[in-house]
Amino acid sequence: MVSRNEMANKKILNEGSLTVGFDTEITKELLLEGIARDIIRGIQNLRKEQELDVSDRINLIIAGDEQVQEAVSEFKDYITKETLSDSLTLAESASHEVSCGDTSAGITVTKA
């Protein structure tokens, strides 16, 4: 008899003769990258709401808890490049709230 026991942080899927395993552990770096990507998505949505052209340069103010601040610090170059930002400032508060996984970030977007 064959028994199957999944290991911690592993997900196994079987379909016919095909078996695929996934590592589901979220490392700190993956968590921070996910937060940074959610921030970028939020910035792009705010750009659209403000009817900015895709080529317009912007200035950013981002506020949030310790995880948000760490994600912004770690991925600042990536965030500014992806959003065409001339400046990015961490602050205590910002005008729009954006969901970032289990947390949220405040974001203010202004045309440069």
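Exposed means over 50% relative accessible area. With that cut-off in hand, the views below can be read one by one. The model is predicted.

**View 1. Glu51, an exposed loop residue with positive phi.** Glu51 sits in the loop that runs between H1 and E3. Its relative accessible area is 71%. That value is over 50%, so Glu51 counts as exposed. Phi of Glu51 is near 55 degrees. The value is positive, and the residue is not a glycine.

**View 2. Leu84, a partly exposed loop residue with positive phi.** Leu84 is placed in the loop between H3 and strand E4 (85-91). Here too phi is positive, at about 55 degrees, although Leu84 is not a glycine. Is Leu84 buried, partly exposed or exposed? Its relative accessibility is 26%, so Leu84 counts as partly exposed.

**View 3. The largest nonpolar core.** This core has 22 residues. Those with the most contacts inside it are Ile39, Ile43, Ile62, Ile79, Ile107 and Val109. Which elements give two or more residues to the core? They are helix H1 (28-49), strand E3 (58-64), helix H2 (66-74), strand E5 (96-100) and strand E6 (103-111). H1 gives the most, with seven residues. In soluble globular proteins, nonpolar side chains tend to be buried together.

**View 4. Ile79 and its contacts.** Neighbours within four places in sequence are left aside here. Beyond them, Ile79 is in contact with Ala36, Ile40 and Ile43. Leu60, Val72 and Leu88 complete the list. Ile79 is also one of the residues with the most contacts inside the largest nonpolar core.

**View 5. H1 against H2.** Two packed helices are described by the angle between their axes and the distance between the axes. The axes of H1 and H2 come within 9 Å. They cross at roughly 85 degrees. H1 is therefore roughly perpendicular to H2. On the H1 side, the contact is made by Lys28, Leu31, Leu32, Ile35, Ala36 and Ile39. On the H2 side, it is made by Gln67, Val68, Glu70, Ala71 and Val72. By class, the contact has eight nonpolar, one polar and two charged residues.

**View 6. H1 against H3.** The axes of H1 and helix H3 (residues 76-83) come within 10 Å. How are the two helices set to each other? Their axes cross at roughly 25 degrees, which means H1 is roughly parallel to H3. The crossing is right-handed. H1 brings Ala36, Arg37, Ile40, Ile43, Gln44 and Arg47 to the contact. H3 brings Tyr78, Ile79, Glu82 and Thr83. These residues divide into five nonpolar, two polar and three charged.

**View 7. Thr83, a buried residue of H3.** Thr83 has a relative accessible area of 1%. Buried means under 20%, so Thr83 counts as buried. Which residues does Thr83 contact, leaving aside its neighbours within four places in sequence? They are Ile40, Ile43, Gln44, Arg47, Ile58 and Leu60.

**View 8. Gly64 in strand E3.** Gly64 is partly exposed, with a relative accessible area of 24%. Leaving aside its neighbours within four places in sequence, Gly64 is in contact with Gln69, Ala91 and Ser104. Phe22 is 42 residues apart from Gly64 along the chain. The C-alpha atoms of Gly64 and Phe22 are separated by 31 Å.

Note on methods
Residues are numbered from 1 along each chain as its sequence is written. This is a predicted model: local features need pLDDT of at least 70, side-chain atom pairs count only at pLDDT 80 or more; totals for chains, interfaces and linings use all residues. Side-chain values use heavy atoms; hydrogens and water are left out. A nonpolar core is a set of buried Ala, Val, Leu, Ile, Met, Phe, Trp, Tyr and Cys residues joined through side-chain atoms within 4.5 Å. Buried means under 20% relative accessible area, exposed over 50%, partly exposed in between (1.4 Å probe, protein chains only). Helices (H or I, at least four residues) and strands (E, at least two) are DSSP runs, numbered from the N terminus. Contact means heavy atoms within 4.5 Å. Axes are lines fitted to C-alpha atoms, for helices over the stretch in contact, and angles run from 0 to 180 degrees between N-to-C directions. Angles under 35 degrees count as roughly parallel, over 145 as roughly antiparallel, 65 to 115 as roughly perpendicular and the rest as oblique. A crossing is left-handed if the near helix is turned anticlockwise from the far one by less than a right angle, and right-handed if clockwise. Ala, Val, Leu, Ile, Met, Phe, Trp, Tyr, Cys and Pro count as nonpolar, Asp, Glu, Lys and Arg as charged, and the others, Gly among them, as polar.
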